[in-house]
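Dear colleague,

I am handing over the structure below, and after it I set out what was found when the atoms were examined. Please read the notes with the structure open beside them.

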Amino acid sequence: MQTRQLIGLAFLTCFAVQVQAAGNVVKCESEHDKRVSCEMNTGGVVKIKQQLSKTRCVEDENWGITKHTVWVDKGCRAVFELQGSNNASSSSDEGDNSGYASNGKAPNSAIRACNAVEDWYGKVVSSNAMKPGWWEIILQYDDGKYVCNVSDSGEVESFEKLREPGAAAATEPPAAAVRACNAVEDWYGKVVTSNALKPGWWEIILQYDNGKYVCNVSDSGQVETFERLRNQ
């Protein structure tokens with residue numbers, strides 16, 4: 001009898017560890033006031049277990065959830081925990097359409113639009129209807145998973161890399177941003193330094209044959225300024 005109890009206890013302990021590893025307790029941190037999405041099981045009520053930032057984390061203002069992620073923004077850093085069951089609800093991007101039904105499969109036009117953001121081909125991990133005509137699609141690429149919020153017609157609202165539990169914040173600009181800077185003069189430059197300026201925007205200094213240039217650019221490749229550095 002005692003042996004069975006020990007085996008049962010060991011099984012329950014193992015099960016609990018597996019559940020947490022699957023994403024019931026997740027640390028998600030907004031670095032440089034940038035929005036970050038972290039993979040998490042959100043099939044219930046998600047609450048802040050521990051706030052890590054001096055910035056107060058306020059639900060629906062600088063943190064919230066989607067079908068498979070918790071997101072933070074504007075300096076919110078916290079440990080989030082899944083509580084309750086699917087019968088309860090926390091904040092999400094579904095608004096008044098939480099009961100919206102669909103066939104659960106995003107149209108090809110939406111998937112193509114997500115892949116076109118970085119000109120990659122990704123495998124669909126999951127797709128969920130967020131509201132009529134809009135989807136949250138998670139795609140697997142060589143460098144990790146990305147979450148894409150996109151319409152049926154292919155209008156991409158957001159496309160960002162999923163922060164997996166324990167992963168460090170991004171310290172380098174995405175390839176699309178560097179390519180956009182190089183495309184201004186159709187040159188190929190070496191990145192000297194890069195700094196996050198604000199959510200989704202970078203200051204990149206590149207070395208070319210005729211000197212160094214500073215480029216202010218978005219994650220998606222929208223160049224705001226590109227000019228040669230003086231006093232080199």
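With a relative accessibility of 25%, S109 counts as partly exposed, because this value falls between the 20% and 50% limits. Please keep in mind throughout that this is a predicted model. S109 belongs to helix α2, which covers residues 108–118, and, leaving aside residues up to four places away in sequence, S109 is in contact with D152, S153 and G154. With one of these residues there is also a polar approach, since a polar side-chain atom of S109 lies 2.4 Å from the backbone oxygen of D152. The C-alpha atom of E155, a residue 46 positions away along the chain, is 9.3 Å from that of S109.

The residue G154 leads on to the strands around it. Strands β9 and β10 form a hairpin with four residues between them, and G154, in that turn, has a positive phi of about 100 degrees. The two strands run antiparallel and are joined by five bridges, with β10 spanning residues 156–163; Y146 has K161 in β10 as its bridge partner. On the other side of the sequence, β9 also makes a hairpin with β8, with two residues between them, and this pairing is antiparallel as well, extending over eight bridges, with β8 made up of residues 134–141. Within it, Y141 is bridged to G144 in β9. As for burial, β9, residues 144–151, is mostly covered, with eight of its eight residues buried.

Strand β7, residues 123–131, holds S126, which is buried because its relative accessible area of 16% is under the 20% limit. Beyond residues up to four places away in sequence, S126 touches H68, E136, I137 and I138.

Turning to the nonpolar cores, the largest one has 15 residues, of which C28, M40, V46, W63, V70, V72 and F80 touch the most other members. Strands β1 (25–29), β2 (36–39), β4 (63–65), β5 (69–72) and β6 (77–83) each contribute at least two residues to this core, and the largest share, three residues, is supplied by β6. Apart from this core lies another, of 14 residues, which includes A113, C114, A129 and F159. Returning to C28, its contacts beyond residues up to four places away in sequence are V36, S37, C38, V70, V72, C76, R77, A78 and F80.

Which aromatic pairs deserve a look? A search of the whole structure gives 11 aromatic pairs. In one of them, W63 and F80 have ring centres 4.9 Å apart and planes at 45 degrees, so the pair is tilted. This pair connects distant parts of the chain, with W63 in strand β4 and F80 in strand β6, 17 residues apart, and both W63 and F80 are buried. A further pair, W187 with Y213, is edge-to-face, at 5.4 Å from centre to centre and with 70 degrees between the planes. Here too distant parts of the chain are linked, since W187 is in the loop between α3 (175–184) and β11 (190–198), while Y213 is in strand β13 (residues 211–218), 26 residues apart. The two partners are covered to unlike degrees: W187, at 31% relative accessibility, counts as partly exposed, whereas Y213, at 9%, counts as buried. Ring pairs also join W120, Y141, Y146 and F159 into a cluster.

There are, in addition, two places where a charged residue lies over a ring face. R35 is placed over the face of W71, 4.3 Å from the ring centre, and K131 is placed over the face of W134, 5.5 Å from the ring centre.

Finally, helix α3 has A176, A177, V178, A180, C181 and N182 as buried residues. The buried residues of this helix pack against α2, β11, β12 (201–208), β13 and β14 (223–228). Just after α3, D186 adopts a positive phi of about 55 degrees.

With kind regards

Note on methods. Residues are numbered from 1 along each chain as its sequence is written. This is a predicted model: local features need pLDDT of at least 70, side-chain atom pairs count only at pLDDT 80 or more; totals for chains, interfaces and linings use all residues. Side-chain values use heavy atoms; hydrogens and water are left out. Buried means under 20% relative accessible area, exposed over 50%, partly exposed in between (1.4 Å probe, protein chains only). Contact means heavy atoms within 4.5 Å. A polar contact is a pair of N or O atoms within 3.5 Å; within protein, one must be able to donate a hydrogen and the other to accept it, and residues adjacent in sequence count only if both atoms are side-chain atoms. A nonpolar core is a set of buried Ala, Val, Leu, Ile, Met, Phe, Trp, Tyr and Cys residues joined through side-chain atoms within 4.5 Å. Rings of Phe, Tyr and Trp (its six-membered ring) pair if their centres lie within 6.5 Å; planes under 30 degrees apart count as stacked, over 60 as edge-to-face and the rest as tilted. A charge sits over a ring if NZ of Lys or CZ of Arg is within 6 Å of the ring centre and within 35 degrees of the ring normal. Two strands pair if DSSP finds at least two bridges between them.
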